[in-house]
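Biologist: Could you take me through the aromatic rings in this one, slowly? I'm new to this, so please explain the terms as you go.

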Amino acid sequence: QVHLVESGGGLVQPGGSLTLSCAASGFDFKHYNMHWYRQGSGKERELVASINPWGTPFNYLPSVNGRFTISRDNVKNTVALQMNSLRPDDTALYYCFVIHDSNNYWGQGTQVTVST
């Protein structure tokens with residue numbers, strides 16, 4: 001029973017910071033790549049960042065590279081997305097994602113809104 005639960009979203013001013021967390025259960029977390037996606041209103045879902053089992057990030061979206069940092073804790077079975085210097089166009093529903101046994105699993109999403 002793969003289960004992903006995101007938390008940490010909210011309203012933040014431009015230039016502010018926010019850290020999202022995804023709690024994973026139902027699979028051997030430490031052996032899987034983990035991913036953060038986001039989808040703005042009326043826009044296509046896009047990959048924000050990925051992280052391999054031993055904690056090396058990859059696939060940073062160019063527009064977030066240098067501002068966002070993906071990390072994981074293989075003891076707590078969590079993956080985080082630290083977001084700095086937030087911009088209005090970062091406003092989106094952010095999702096945690098994993099491929100397990102050829103199936104796609106998504107969390108419920110957590111809303112991030114960047115506005116004055």
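Modeller: Here is a walk through the ring pairs and the charge that goes with them. Keep in mind that this is a predicted model, where local features need pLDDT of at least 70 and side-chain atom pairs count only at pLDDT 80 or more, while totals for chains, interfaces and linings use all residues. Residues are numbered from 1 along each chain as its sequence is written, and side-chain values use heavy atoms, with hydrogens and water left out.

A pair of aromatic rings is described by the distance of the centres and the angle of the planes. Rings of Phe, Tyr and Trp (its six-membered ring) pair if their centres lie within 6.5 Å; planes under 30 degrees apart are stacked, over 60 edge-to-face, and the rest tilted. On that basis, the structure has six aromatic pairs. One of them joins F27 and Y32, edge-to-face, with 5.5 Å between centres and 85° between planes. F27 counts as buried, because its relative accessibility is 11% (buried is under 20% relative accessible area, exposed over 50%, partly exposed in between, using a 1.4 Å probe and protein chains only).

Now for F97 and W106: their ring centres are 4.4 Å apart and their planes sit at 40°, so this pair is tilted. F97 is buried at 6%, whereas W106, at 34%, is partly exposed. Ring pairs tie these two into a cluster with Y37 and Y95.

R45 joins the picture too. Its charged end sits over the ring of Y95, 4.0 Å from the centre (that takes NZ of Lys or CZ of Arg within 6 Å of the ring centre and within 35 degrees of the ring normal). R45 also lies over the face of W106, 4.4 Å from that ring centre.
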